[in-house]
Every structure is written in structure tokens, then in C-alpha cells.
Amino acid sequence: MSRWRERLRLLVLLPLVVVAVGVLAYFTFRTTLQIDKLRQQSVLEATLALATEKAARVDRQIIDQDNVVMAIADPARMDTLGERWLPTAQRETPSVRAVLVLDESRTVLSFASRATGALAEDEGFRRLLVDRMLGDMELAAQAPDELRHLHREYAQQSYLLSYWQRVHEGRRYVVVAWHDIGRIVRETLPMLLAELQPTTAGANDKPRPSPSAPSRNNVVDEEGRIIFGPPLRSSEFTVGVRFPTTLYNWRVQVSPLASEELASRVQNRRLLEITMVSLSGIVIVIGALAIFLVAEKERRVSALKSEFVANVSHELKTPLALVRMFAEMLQSGRVASDAKKQEYLDIIVRESERLSALIENVLDFARLEKGRGSFEFAEGDVGDAVTRAANVYRYRAEREGVDLVVDVEPELPRARIDERAIQLAVVNLVDNALKYAPEGESIGIRVRAHDGGVRIDVTDQGPGIPPEDRLRIFERFVRLPNTRDDAKGGKARAPVRGSGIGLALVQHIAASHGGKAWVESDLGKGSTFTFTVPAGRVLSTASQATSDHVTQSAG
Ligand code: ADP
């Protein structure tokens with residue numbers, strides 16, 4: 001029942017942990033995305049402000065020049081326009097190429113041009129102005145002295161005109177300032193856009209942004225063709241702003257110098273965050289799984305332990321009850337025949353032997369499990385120790401009709417051993433053989449030299465051990481579902497009693513002597529339990545040799 005509850009808990013808890021990790025990951029990821037967005041937003045805002053400022057600066061510079069021209073181009077003194085403007089033109093209105101005054105009938109009254117020797121060009125412009133540009137200026141809707149701009153392409157050439165109307169003596173005049181776009185691109189834009197370092201940009205110099213500029217910028221026309229500046233890789237951080245009044249068909253584009261770096265950093269961080277979140281998720285899930293597995297194992301061990309306690313109590317109770325029963329019968333004097341008396345006494349001796357063997361086993365085991373049990377090693381003869389242990393069982397074996405064949409090779413290497421421990425190991429193996437293989441005719445105990453040391457084999461003709469259990473049975477508390485034909489009841493199958501610590505003890509003892517314990521078995525034919533005692537290689541304490549076992553009390 002509790003096992004099912006445990007399973008159920010596992011089935012419910014694990015998906016819960018996974019879901020919780022998922023939710024956590026989702027929110028973490030969403031939050032970082034939002035923070036990223038905000039950060040991006042602020043970068044964008046700063047870039048936009050910069051672009052707006054740059055566009056306004058260029059606008060202002062052009063309008064400042066227009067204002068200068070406006071002050072000079074007075075219809076009242078039209079004839080001296082050139083004389084008054086040209087001397088200061090280079091300084092005050094560097095990008096204005098020519099100033100024209102027209103009357104209402106679109107006749108050019110005055111044409112002051114800074115271009116010397118470009119008469120044909122000036123004439124071409126005058127015609128273009130009269131024929132086409134004036135028509136595009138919407139003069140009728142313009143208030144007197146209102147400054148307006150015309151920025152347009154004519155014959156695939158870009159023009160910028162500033163124009164306003166003047167009323168003089170009841171007549172309207174149109175004043176036009178023709179800006180030299182080439183010059184604006186060559187001089188004004190580099191100077192104003194490129195972070196305004198004290199510029200060296202002459203007419204022929206290439207625009208040079210200052211090296212400390214935190215951003216890159218350019219100017220593009222309506223179709224996105226670059227008018228000025230380097231091409232900008234379009235990234236999420238690049239912004240474009242139209243010139244508000246003058247060059248209104250063009251846009252200033254600004255991209256933070258580190259925009260590519262920024263974008264890749266954002267990308268990297270996103271990747272890193274995804275990896276981190278997934279990694280921690282995986283770690284949490286694995287951790288939870290590990291905890292569940294450990295808990296499951298712990299639960300199994302504790303179940304085995306409870307079983308062990310029940311087994312041991314039962315093991316103690318049964319022989320004790322028998323001893324008491326037969327002793328009381330003898331005490332009452334009601335047992336008449338000597339043969340019966342002898343039989344009862346035999347039973348009492350046998351059961352007491354079993355009791356003391358069991359108690360010894362449990363005590364030894366508890367001691368070893370706690371890691372406190374230290375062996376007393378001394379140079380000794382393994383063959384002698386084994387023979388002595390076998391002799392303890394000779395009587396019982398005979399009674400049970402089993403031959404105990406002890407075969408000790410002569411001149412075995414001597415080894416440093418704890419003789420009592422070796423005896424205990426042999427006793428456990430022989431006891432098992434008698435318990436689990438009663439149908440066999442003999443039990444063989446062989447002691448021979450092996451690998452410079454000694455190996456002890458205890459062979460029975462019992463049921464054998466299934467391959468999958470051959471390692472497991474050496475673990476503490478592990479017992480197989482043992483039954484055997486009940487000696488008295490004939491066909492009935494009776495469970496074989498035991499505590500599940502015998503073989504674990506054998507392994508402890510072998511390991512403490514630097515050896516190993518294992519079983520070879522032929523199912524249905526019998527088993528051979530073996531443990532080795534290497535000569536010379538001896539560990540001083542059991543705790544060192546058994547450090548791979550969980551240190552725990554058997555009780
Ligand atoms: P116990 O004998 O108290 O159950 P052991 O550790 O000595 O504990 O043995 C563990 C299990 O190994 C036994 O329960 C039994 O199933 C199996 N086993 C041990 N010796 C033999 C054997 N000679 N033949 C068959 N099975 C055996």
C-alpha cells in the first residue's frame with residue numbers, strides 16, 4: 001500500500017516539478033525579454049533624439065542664410081542687390097548660389113549669381129524656374145514675407161529653393177534664393193552631421209566623422225539612395241528623420257556606432273539566457289529525479305530492515321521455545337525412555353547452537369555495519385580454521401543425513417587472518433548449505449592455494465541461485481523467496497528461516513582480509529560459494545575494507 005502511495009507521489013510530484021520549472025523558465029525569459037525591449041527602446045529614443053537634432057541643425061543653418069538674403073533682397077533697391085550681397089556671400093550665405101527677384105508677371109527683374117563663367121547654367125536655371133518651378137511653388141497661397149522651400153528633382157537633378165514674397169508700392173515681388181545642393185552635400189552636411197569637430201572639410205574633402213562619434217549617420221533621398229555618408233546596415237537600432245522644412249524630401253539616418261555590436265550582444269544574451277534557463281531546468285529535473293531515486297532506495301532498505309527485524313525475532317523465538325518446551329518436559333520427569341531423553345537433549349543442544357550462532361551473527365554484523373568492528377589479525381593457517389568450523393557442523397550434518405566432505409590441500413601458504421572471522425564465514429556458508437540444500441547427499445568444503453593466497457569453496461547440491469540474484473544475495477538483508485519440502489510434513493512447502501545477513505557477513509570478512517566472495521551456480525544442480533584470503537595483503541580494520549558499505553546499524 002505504502003509502495004503504491006510512494007509511486008503515486010512520484011507520478012504526481014515529478015510532473016509538478018517539471019511544470020513548475022517550465023513556468024519559472026517562461027517568466028524569467030519573459031522578464032528578460034521585457035527588460036531587453038526597454039533597453040532597446042531607450043537606445044532607440046536616444047538615437048531618434050540625435051537624428052532629430054541633426055536634421056534641425058542643417059535646417060537651421062539653411063534658414064539662417066535665407067534670413068540674411070531676406071534682409072538684403074529689398075525690391076526697393078533691386079538694382080544694387082548684387083553689389084550688396086556678393087561681397088559677403090561666401091561668408092554669410094555659403095550655400096546660396098544665386099538670388100533672383102521676379103515680378104508678378106514672372107519676369108526676372110534681378111539675377112545675382114556667385115557662379116562666375118557659368119552663364120549657360122544660370123540661364124538654364126532661369127528658364128527652369130520660370131517654366132516649371134514657379135508653378136510648383138503655390139505662390140497664391142503664400143502670405144507676404146513667409147519663407148517657404150521647394151525641394152524637388154528636375155531633370156534628375158535635385159534643387160533647393162527658398163522663396164518669399166514682398167509687397168512694395170502695392171506690387172508683389174517673388175524673391176528666390178537658389179541653394180547649391182552640391183555644396184550643401186559637400187560642406188554643410190559633413191560639418192553639421194559629423195559631430196561638429198573643428199572640421200577640415202574643404203570643398204573637396206571627403207566627409208570625415210570624428211573618430212569619437214558614438215554614432216554613424218547618412219542622408220538618403222526618397223528612394224533610399226545615399227546622398228551623403230556611408231551605407232548603414234539596417235538594424236533594429238537605425239532611425240531615420242526627415243528634414244523638417246528645407247530638404248524635406250531627404251532623411252537623416254542615424255545608427256548608434258555600436259548598433260551591430262548591440263544587436264549581436266542582445267542576440268548573445270538571449271541565447272545565453274535561454275541556455276541558462278534550460279540548463280537550470282534540466283539540473284532541477286535531474287536533481288528531483290535523483291532525490292526521488294535515493295528516497296526510493298532508502299525506502300527499500302528500510303523495508304528490508306523491518307523484514308530483518310521480524311526475521312531475527314522469529315529466528316530467536318523459535319529455538320528458544322523449543323529449548324524451553326523440551327527442557328520443561330525433561331524437568332517434569334514424565335519422559336520415561338532414555339532414547340527419548342537423549343533425543344530431547346539433542347534437540348536442546350542443537351537449538352541452543354543455532355541460537356548462539358544467530359546471536360553471534362547479528363552482533364558481528366551490527367559491529368561491522370557500524371564500522372567499529374576491528375579484526376584481530378595474526379599469522380595463521382586457513383586450513384585449520386576451516387576444519388575447526390566444519391567440525392562444529394559435523395554432528396548436525398550427520399544427523400540430517402548429509403556428508404560433510406572437507407578437503408584441505410597440504411602446505412597451504414600461511415596468511416594473516418582473524419581466525420574467528422574465517423570460522424564465522426565458513427559456518428555461515430555451511431549453515432546455508434544445510435538450510436537451502438538439504439536434498440543433496442554431501443556438502444564439500446575445499447581449501448586450496450589460489451593466486452598466492454588461499455581460496456575456500458563450499459559446494460552443495462541444492463537448488464542453485466538464479467543468475468540475476470547471484471550478486472544481490474551478498475547485499476545485507478536480501479533474501480530470496482526460499483521454501484523447501486517440510487521435513488516432517490512430507491509434501492508441504494515450508495519457508496526457510498533466515499535474516500539475510502549471512503552472505504553480507506561473508507563478504508565483509510573476505511573484503512577485510514583483502515579477498516573477495518562470490519557464488520557460481522548451476523540451477524537445479526547446486527552452488528559453490530567461494531571466498532578468498534590473499535596471503536600477505538591484509539587490512540587492519542574492517543571499516544577500511546568495507547568503506548563502500550553504508551555505515552548503518554543493523555538494529
Ligand atoms: P539468510 O540465509 O539468513 O536468508 P544469507 O545472506 O545467508 O541470508 O543468504 C541470502 C539468500 O541467499 C538466502 O535467503 C537464500 O535465498 C540464498 N542462499 C544462500 N545460500 C544458498 C544456498 N547454498 N543455496 C541456495 N540459496 C542460497
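Arg 148 is partly exposed, with a relative accessible area of 22%. Arg 148 does not stand alone: its side chain meets that of Glu 146 in a salt bridge, with N and O 3.2 Å apart. Keep in mind as you explore that this is a predicted model. Below you will find the salt bridges, then the ligand and its surroundings, and finally a patch on the surface.

**Salt bridges**

- Side chains of opposite charge can pair when their charged atoms come close.
- In this model the count comes to 29 salt bridges.
- Glu 146, the partner of Arg 148, has a relative accessible area of 30%.
- Glu 146 is called partly exposed because its 30% falls between the cut-offs of 20% for buried and 50% for exposed.
- Moving on to helix α5 (residues 259-331), you can find both Arg 299 and Glu 296 there, three residues apart, or about one turn of the helix.
- Arg 299 and Glu 296 form a salt bridge whose closest N and O atoms are 3.4 Å apart, and both residues are buried.
- Another pair is Asp 457 with Arg 455, where the closest N and O atoms of the salt bridge lie 3.0 Å apart.
- Asp 457 and Arg 455 are both buried.
- Salt bridges can also share partners: Asp 36, Arg 39, Arg 269 and Arg 270 are joined into one network in this way.

**Around the ligand**

- There are 17 residues around the ligand, and those that come nearest are Tyr 436, Asp 460, Arg 479, Asn 482 and Ser 499.
- Sorted by class, this shell has eight nonpolar, six polar and three charged residues.
- Helices α8 (419-436) and α9 (502-512) each supply at least two residues of the shell.
- The largest share, three residues, comes from α8.

**Contacts with ligand oxygen atoms**

- Arg 479 reaches the ligand with its side chain, placing a polar atom 2.4 Å from a ligand oxygen.
- Ser 499 uses its backbone instead, with an N or O atom 2.7 Å from an oxygen atom of the ligand.
- Gly 502 also has a backbone N or O atom facing a ligand oxygen, at 3.3 Å.
- Taken alone, the ligand exposes 530 Å², and the protein buries 98% of that.

**A nonpolar patch on the surface**

- Leu 8, Leu 11, Val 12, Leu 13 and Leu 16 make a nonpolar surface patch of about 470 Å².
- To locate one of these residues, look for Leu 16 in helix α1 (residues 2-72).

Note on methods:
Residues are numbered from 1 along each chain as its sequence is written. This is a predicted model: local features need pLDDT of at least 70, side-chain atom pairs count only at pLDDT 80 or more; totals for chains, interfaces and linings use all residues. Side-chain values use heavy atoms; hydrogens and water are left out. A residue is near a molecule or strand if one of its heavy atoms lies within 4 Å of it. A polar contact is a pair of N or O atoms within 3.5 Å; within protein, one must be able to donate a hydrogen and the other to accept it, and residues adjacent in sequence count only if both atoms are side-chain atoms. Accessible areas come from the Shrake-Rupley method with a 1.4 Å probe; for residues, only the protein chains shown count as cover. Helices (H or I, at least four residues) and strands (E, at least two) are DSSP runs, numbered from the N terminus. Ala, Val, Leu, Ile, Met, Phe, Trp, Tyr, Cys and Pro count as nonpolar, Asp, Glu, Lys and Arg as charged, and the others, Gly among them, as polar. Patches are made of residues with over 30% relative accessible area and no salt bridge: like charges are joined within 9 Å, nonpolar side chains (Val, Leu, Ile, Met, Phe, Trp, Tyr) within 5 Å. A salt bridge is a side-chain nitrogen of Lys or Arg within 4 Å of a carboxyl oxygen of Asp or Glu. Buried means under 20% relative accessible area, exposed over 50%, partly exposed in between (1.4 Å probe, protein chains only).
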